[in-house]
Amino acid sequence: MTEFTTFEHDVLVIGAGGAGLRAAIEASAAGVSVGLICKSLLGKAHTVMAEGGMAAAMANVDDRDNWKVHFSDTMRGGQYVNNWRMAELHAKEAPDRVRELEAWGAVFDRTKDGKILQRNFGGHKYPRLAHVGDRTGLEMIRTLQDHGIHQGIEVYMEVTVVTLLKDGDRVIGALAYEREHGRFRIFKAKAVILATGGVGRAYKITSNSWEGTGDGHALAYRAGAELIDMEFIQFHPTGMVWPPSVRGILVTEGVRGEGGILKNSEGKRFMFDDIPPLYKDQTADNPEEGWLYTQGDKNARRPPELLTRDHVARCIMREVKAGRGSPHGGVYLDIAWIKEKLPNAEEHIKKKLPSMYHQFKQLADLDITTTPMEVGPTTHYIMGGVRVNADTQMSTVPGLFAAGECAAGINGANRLGGNSLSDLLVFGKRAGEHAAIFAKENSSGTVDDAEVDQAVTNALAPFEREGGENPFALQHELQDTMQDLVGIVRTESEMQQALEEVEKLKERSEHVHVPGNVDFNPAWHTALDLSNLLTVSEAITRAAIERKESRGGQYREDFPAKDAEFGKINIAIRKTDDGSMQVSRVPIPEMPAELKQIIEEMG
Amino acid sequence: MKATFKIRRGDREHGEMVDYSTEISEGMVVLDAVLQIQSEQAGDLACRWNCKAGKCGSCSAEINGMPKLMCMTRLNTLPVDEPITIEPMRAFPIEKDLVTDVSWNFEVKKKIKPFKPRPPDAPDGTWRVMQEDIDRVQEFRKCIECFLCQDVCHVLRDHEKQAEFIGPRFLVYVAALEMNPLDTEDRIADLRNEFGIGFCNITKCCTKVCPESITITDNAIIPLKERVVDEFYDPVKRLVKLFRKK
């Protein structure tokens, strides 16, 4: 066999966004040796794109807030198919994780009395998002990065994992390649944490970067771990729609939190037309009340623009389909109107939403302080992922942990904005802590050389072929398929068609050819990522077919209503021994009485 | 409409400018053109990118000789009737095509003493800070680490003082720590002795290229220079120091 450079750690963290960095810091603090693999350069992960803030019931702005309200909001937003234990831990621990970030150097916006400022966001009853203008994700990743580099963590930049390595049932490392020269590396570890983020690149219109190819989801699946909730994709209601080259880039919910309103081509605020019964009592019934809410009036209820993302996205789709959209197939998001209310509106908008101002000015020649933006839904986030133990974040495979977007449970059928950054910290920390414990209790495993050789041969195959297909073209075809057939509005016949298409693309992906050599070769990277994208696309589609109802991120045209029976289960995906994908329904455990009571009390 | 892009191809030692013609349309940025060329004509064309929205600072390059983010440079701001040249940042060693070895920057950061807060102000472990006291620090923390300021700094680019000078990015980083009202660490001596702040002669090239519009020279570097002067060259302070030593 070929000799590969081998690195050995107690804990290996794959992914260096918020969850991966937080996990690495925690594991390192527990006194074990930690390796951290970044797909890009350190500090460039998709976390930098998070804008609005991190949700934590610190009650700095509204003293009625506490973990119980946050828990109840999260469960309601997730339509009650969340892992209630994760929602509980998240709500309880998020405030400490935010404060800890401040102790590590994060510089949050302040309240008048000098505390961390919190802002309103969709589905959160009280102003709850700690933030820094509209660049909270950057603040978070930079803080973790700058703290992390002094904690003795070994960082491997621009390294991509090809496969997880197992010894018996246990995961004991990973095979990866480094980008610059395409050299393969073996990482041996007693515990492995996946923190690889999302799958947005399976869709044509997405807010995700090239990295979001479902690597962790696919690696875990192939290693035998169970995935759940894969049908629940979050289409963020407000992505840019024009010009074409920026289609999908995120427009923060913070715009609506600061008073921005949605209007159709007739100038109507259409969000007032459809307020779901579950939120009727919490939602303003007139524009003035909605405005007062965004300005901190405690007696006002939130404007319908701040309903949950799944709902707002569908309302936008409805307006566009009914012919009331904007010229480029979106609707209008107007923050400029607040000049009717605030004397210094222009400065206020630039201060509160600097990067949005910047983004539209530079990419669309549009001044958001004077002109409404055109926005439409964009694939943003996957609620589904690796099924984990709520307390330890260990998957169904021993030694394999997952945290952040690639893990599932906390968000149920729909994630509330702001719950992602706090999720990364809360469960990143827990994953790091428990992976370190696992590593201390277990010895290192033995790498199967034949398995490694086979994986390397497979990975290099695209160079050996002549005249095969272009991996970029295949990726684009897959994105079109998922966008058109497994998008915001789904139906069984279309999804069956999607499965057939995915099957064909799988076969064709066996024949891709890449030019050049292994040195920093994007065509090769795309070819390798393709198999992950195909795996997650199939998982999303199969799970979506199985859930014959509409709930949160899943809207079925053929089953438009919610079905109480489906409220009792999660859809699980697992690889069978013959290599096929198995779909099953797993019952959600009974919620303890005290948590039930909280939900009832919060109404 | 088609436009021509002259892109630097090759490794550290051998490189050449290669012409690619590709279809352009309304609203496109330089990165769109590069990715289109990559997916249609040159699959192994290496470039870094992530967010495509000016937030991650990965796609830095020199476009028609100007250091810029490819994702934020719209084609309608360039003379597309002539070939557009795209080259890697010149201050760093080339890895391949448009990708440079920026690892030096990550090493520099490790040398700077980390944030060390004063004890919390409140029993719950939190601090009280006024917004006006952190406005300046927040300006510095907008930095996306694209390293364009490092690329354009003549101390690094032309005089190659990487061993003695940390460059504008890290002077901004030190300024963000030094001006943070919670921080108790002292990095002033390091600025003079190890970070080479004296090399900066305030040409403001860094400020001009910053995609985040951070006023690097005026708000970060000059105040730091003043602190160094106060600490080491103030005659009264020097006298006090002299007596303390005895």
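Q: How many residues do chain B and chain A each bring to the contact?
A: In this predicted model, chain B brings 46 residues and chain A brings 49 residues. A residue is counted when its C-beta atom lies within 7 Å of a C-beta atom on the other side.

Q: Which elements of chain B give two or more residues to the side that touches chain A?
A: They are helix 1 (30–40), strand 6 (94–96), helix 2 (103–111) and helix 3 (131–140) of chain B. Helix 3 of chain B gives the most, with four residues.

Q: How do the residues on the side of chain B that touches chain A divide into nonpolar, polar and charged?
A: The division is 20 nonpolar, 13 polar and 13 charged. Gly counts as polar here, so any Gly on that side falls in the polar group.

Q: How many helices and strands are found in chain B, and what does its C-alpha trace span?
A: Chain B holds ten helices and seven strands. Along its principal axes, the C-alpha trace of chain B spans about 75 × 45 × 25 Å.

Q: What makes a residue of chain B count as buried, and what percentage of the chain is buried?
A: A residue is called buried because 20 or more other C-beta atoms lie within 10 Å of its own. By that criterion, 43% of the 246 residues in chain B are buried.

Q: Which share of the contacts in chain B with a separation of 6 or more joins residues 24 or more positions apart?
A: That share is 62%.

Q: Why are strand 17 and strand 18 of chain A called paired?
A: Pairing requires at least two bridges. Strand 17 (residues 569–575) and strand 18 (residues 581–587) of chain A have seven bridges in the antiparallel sense, and therefore they count as paired. One of the bridge partnerships joins Ala572(A) to Ser584(A) in strand 18 of chain A.

Q: What do strand 17 and strand 18 of chain A form, and which residue in the turn has a positive phi?
A: The two strands form a hairpin with five residues between them. Gly579(A) in the turn has a positive phi of about 90°.

Q: Where do the domains of chain A lie, and what separates their centres?
A: The domain assignment gives domain 1 (239–379) and domain 2 (464–568) of chain A. Their centres, taken over C-alpha atoms, are separated by 30 Å.

Q: What makes up the contact of domain 1 with domain 2 of chain A?
A: Five residues come from domain 1 and five residues from domain 2 of chain A. On the side of domain 1, helix 8 (residues 309–321) of chain A supplies the largest share, four residues. That side divides into three nonpolar, no polar and two charged residues.

Conventions. Residues are numbered from 1 along each chain as its sequence is written. Chains are lettered from A and ligands numbered from 1 in the order in which they are written. This is a predicted model: local features need pLDDT of at least 70, side-chain atom pairs count only at pLDDT 80 or more; totals for chains, interfaces and linings use all residues. A residue is buried if 20 or more other C-beta atoms lie within 10 Å of its own, exposed if 12 or fewer, and partly exposed in between; C-beta atoms are placed from the backbone. Two residues are in contact if their C-beta atoms, placed from the backbone, lie within 7 Å. Domain bounds come from an automatic or database domain assignment.
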